[in-house]
Amino acid sequence: MKKIAKLLVIGMLVMTSAAVFAQNPPDPNGGADPGSGNTPVGGRATVSGGIVLLLALGAGYGGKKVYDLNKKKSADL
């Protein structure tokens, strides 16, 4: 039974990997140099979403460290 499950998983991974080889999106400026048209140099990618995510992850990690430190101190007493 485990062999069938492994074969099924491998088969699904092979079949879904075709989606990875999709075509690239068209150039935003029609192939012109970056920054020479209406598109900014970095494209249309926003940074704010990534910054918020990094801040939230950092706050969570810091909170976990403080929690573990307090837990360790109370166990030592």
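**Close-up views of a predicted two-helix chain**

**View 1. A nonpolar surface patch at M1, I4 and L8**. M1, I4 and L8 make a nonpolar surface patch of about 390 Å², where a patch consists of residues with over 30% relative accessible area and no salt bridge, like charges being joined within 9 Å and nonpolar side chains (Val, Leu, Ile, Met, Phe, Trp, Tyr) within 5 Å. L8 lies in helix α1, residues 2-16, and its relative accessibility of 53% makes it exposed (buried means under 20% relative accessible area, exposed over 50% and partly exposed in between, with a 1.4 Å probe and protein chains only). This is a predicted model, in which local features need pLDDT of at least 70 and side-chain atom pairs count only at pLDDT 80 or more, while totals for chains, interfaces and linings use all residues. Residues are numbered from 1 along each chain as its sequence is written, and side-chain values use heavy atoms, with hydrogens and water left out.

**View 2. Helix α1 from end to end**. The 15 residues of α1 reach 21 Å from the first C-alpha to the last, close to the 21 Å expected at 1.5 Å a residue, the expected span being 1.5 Å times one less than the number of residues. The helix is hardly covered, with zero buried residues.

**View 3. The salt bridge between K64 and D68**. The structure holds one salt bridge (a side-chain nitrogen of Lys or Arg within 4 Å of a carboxyl oxygen of Asp or Glu), and in the pair K64 and D68 the closest N and O atoms are 2.9 Å apart. Both residues belong to helix α2, residues 48-76, where they are four residues apart and so separated by about one helical turn. K64 is partly exposed at 47% relative accessibility, and D68 is partly exposed at 31%.

**View 4. Helix α2 and the chain around it**. The end C-alpha atoms of α2 are 42 Å apart, which agrees with the 42 Å that its 29 residues should span at 1.5 Å a residue. None of these 29 residues is buried, and of the 77 residues of the chain 1% count as buried.

Key: Areas by Shrake-Rupley, 256 points an atom, 1.4 Å probe, with all protein chains shown as cover.
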